[in-house]
Amino acid sequence: MSASQYRGQLDRKRKQRIEADKKAGDYRSKESTKRAEAAKARQAASKTTNNTTRTSKLREAERKEKEAETAGKEASRLQT
């Protein structure tokens, strides 16, 4: 391979790495947002006196935690 081919290949790899880092950052941000939403739902569940609302908010918190976990795993995958 010629030097220009190697340079082109290296440039493509750098761009792919930059894009992966950007996506990983987006997923980390999403993870953080989902964890905050889960905490907010848990707080709302602890404040309510209605059992149905409490159950609903706790389910919402679990769902948000699972979404955050998924986003965190995806971010980790992109960073390796």
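Let me start with D26, which counts as partly exposed because its relative accessibility is 45%. The model before us is a predicted one, and D26 serves as an entry point to its salt bridges. The partner of D26 is K22, and the closest N and O atoms of the two are 3.9 Å apart. With a cut-off of 4 Å, that distance qualifies as a salt bridge. Both D26 and K22 belong to helix α1, with their positions 4 residues apart in the numbering, or about one turn of the helix.

Now to another pair in the same helix, R17 and D21. Their side chains form a salt bridge with an N to O distance of 2.9 Å. R17 and D21 are again placed in helix α1, which covers residues 3-47, and they stand 4 residues apart, about one turn of the helix. How exposed are these two side chains? R17 has a relative accessibility of 34% and therefore counts as partly exposed. For D21 the value is 40%, so D21 counts as partly exposed as well.

Next, please turn to the pair formed by K64 and E37. Here the side chains meet in a salt bridge at 3.0 Å, N to O. This pair links distant parts of the chain: K64 sits in helix α2, residues 51-79, while E37 sits in helix α1, and 27 residues separate them. Is K64 buried or exposed? K64 is buried, because its relative accessible area of 15% falls under the 20% limit. Its partner E37 has a relative accessible area of 28% and is therefore partly exposed.

Beyond individual pairs, there is also a network. Through salt bridges with shared partners, R28, E31, R35, R42, E62 and E65 are joined into one network. Across the whole model, how many salt bridges does the rule give? The count comes to 14 salt bridges. As general background, side chains of opposite charge can pair when their charged atoms come close.

Finally, I should like to consider T80. T80 is located in the segment after α2. With a relative accessibility of 79%, T80 lies over the 50% limit and so counts as exposed. Where does T80 stand relative to D21? The two are 59 residues apart in sequence, yet their C-alpha atoms are 9.8 Å apart in space. D21, to recall, is the residue whose side chain meets that of R17 in a salt bridge.

To close, I return to the link between the helices: the salt bridge of K64 and E37 pairs a residue of helix α2 with one of helix α1.

How values were computed
Residues are numbered from 1 along each chain as its sequence is written. This is a predicted model: local features need pLDDT of at least 70, side-chain atom pairs count only at pLDDT 80 or more; totals for chains, interfaces and linings use all residues. Side-chain values use heavy atoms; hydrogens and water are left out. Helices (H or I, at least four residues) and strands (E, at least two) are DSSP runs, numbered from the N terminus. Buried means under 20% relative accessible area, exposed over 50%, partly exposed in between (1.4 Å probe, protein chains only).
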